[in-house]
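Thanks for sharing this one with me. Here are my notes, set out point by point so that you can follow them with the structure open beside you.

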Amino acid sequence: MSKKSEKPVEGKEPEGSWRDVIYNPRTGETGAFFGRTASNWGLILLFYLVFYGFLVAMFVFTIWVMLQTLNDDTPKYRDRVASPGLAIRPNSLNIVFNRSEALQYAQYVQHLESFLHQYNDSEQAKNDLCMAGQYSEQDEEPQKKVCQFRRSLLQRCSGMEDTTYGYAKGQPCVIVKMNRIIGLKPAGDPYINCTSQSEKPLQMQYFPHEGTIDRMYFPYYGKKAHEGYVQPLVAVKLLLKKEDYNSELIVECKIEGSNLKNNDERDKFLGRVTFRVLVTE
């Protein structure tokens, strides 16, 4: 005898309906949500609060311990760059201008003037007169003294005698500076030496005399500890003649006379810098 298929009674909820989430008529449980009571959910919530709170606390503690090993004034690791790079001002490796057109070299003059403002004699008067030829070591001093480097030391390239820095006369000045490295104490007597890489020989004049960089400006102790520090500069005046005009000249400047590197083929700015000059009239 075949069984008749049972049809659901109209208006009657099937067993295990969504209402069982709130109230289960078979067990008589009330207040359950997704099979758990309020107390169950409370315990689960408490567990995750404690668990994630512990993870956050452990992370914060780890960061705090790491910060205790750092120095506010000096980086912990400084072995990547043992020798400084060289840079020039004006900030261009291609100096091109017509000496008869003031607008063409105005950008170079303005850049030099802006850069040298911090070297004004009036600004440097507040800094210390240091002992020439000796390192200014002040490891135990909380606030480091700053040695004077007066703009007037650059003489014909100071912009005080010639406000165009020689550009109007077709004999431009280029300022060479070393990048800062904390704790650097170059051995010997470092100086800047520039040579022409072109076929034509090129006469140059250095300020200070012979392009020397005095040891009294070393070591540098960092931006925070050595507030107001300025790098020593060397100005190079290119004594171009009429026959040098309208030809591109390549000039390479290196730091010599010390243990600082200047011939690493992997880094062409380590201890040296190369720039091009083209003057027309």
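**Notes on the disulfides, the sheet and the surface**

1. Let me begin with a torsion: about the S-S bond of Cys157 and Cys173 the angle is about -75°, so this disulfide is left-handed. The link connects distant parts of the chain, with Cys157 in the loop between α3 and β5 and Cys173 in strand β5, 16 residues apart. Please keep in mind that this is a predicted model.

2. The distance and the surroundings of that pair are worth a look too. Cys157 and Cys173 are joined with an S to S distance of 2.0 Å. Cys157 has 0% relative accessibility and therefore counts as buried. Cys173 has a relative accessible area of 1% and is buried as well. The cut-off behind both calls is a relative accessible area under 20%.

3. How many disulfides does a search of the whole structure find? The count is 3. If you number the bonded cysteines of the chain in sequence order, the pairing reads 1-2, 3-4, 5-6.

4. Next, please turn to Cys130 and Cys147, a disulfide with its sulfur atoms 2.0 Å apart. The torsion about this S-S bond is -95°, and the link is left-handed. Cys130 and Cys147 both lie in the loop between α3 (121–124) and β5 (173–178), so the pair ties together parts that are 17 residues apart in sequence. Both of these cysteines are buried.

5. Is the disulfide of Cys194 and Cys253 left-handed or right-handed? The torsion about its S-S bond is about 105°, so the disulfide is right-handed. This pair links distant parts of the chain, 59 residues apart: Cys194 belongs to strand β6 and Cys253 to strand β9. The S to S distance between Cys194 and Cys253 is 2.0 Å, and both residues are buried.

6. Those strands lead us to the sheet. It is an open sheet of 4 strands, in the order β4-β10-β9-β6 and with mixed pairing. At its edges are β4 (94–98) and β6 (191–196), each of which pairs on one side only. From one strand to the next, the twist averages 25°.

7. Within the sheet, I would pick out the pairing of β9 (residues 249–256) with β10 (residues 272–280). These strands run antiparallel and are joined by 6 bridges. If you would like a residue to start from, try Leu249, whose bridge partner in β10 is Val277.

8. Back in the loop between α3 and β5, Gly166 also deserves a glance. Why does Gly166 count as buried? The reason is its relative accessibility of 0%, because the term applies under 20%. Along the chain, Gly166 and Lys237 are 71 residues apart, yet their C-alpha atoms are separated by 7.9 Å.

9. Finally, a point about the surface. Which residues form a nonpolar patch there? They are Phe47, Tyr48, Phe51, Tyr52, Phe54, Leu55 and Met58, which together have about 730 Å² of accessible area. One of them, Phe47, lies in helix α1 (residues 38–68).

How values were computed
Residues are numbered from 1 along each chain as its sequence is written. This is a predicted model: local features need pLDDT of at least 70, side-chain atom pairs count only at pLDDT 80 or more; totals for chains, interfaces and linings use all residues. Side-chain values use heavy atoms; hydrogens and water are left out. Patches are made of residues with over 30% relative accessible area and no salt bridge: like charges are joined within 9 Å, nonpolar side chains (Val, Leu, Ile, Met, Phe, Trp, Tyr) within 5 Å. Accessible areas come from the Shrake-Rupley method with a 1.4 Å probe; for residues, only the protein chains shown count as cover. A salt bridge is a side-chain nitrogen of Lys or Arg within 4 Å of a carboxyl oxygen of Asp or Glu. Helices (H or I, at least four residues) and strands (E, at least two) are DSSP runs, numbered from the N terminus. Two strands pair if DSSP finds at least two bridges between them. Axes are lines fitted to C-alpha atoms, for helices over the stretch in contact, and angles run from 0 to 180 degrees between N-to-C directions. A disulfide is a pair of cysteine sulfur atoms within 2.5 Å. Buried means under 20% relative accessible area, exposed over 50%, partly exposed in between (1.4 Å probe, protein chains only).
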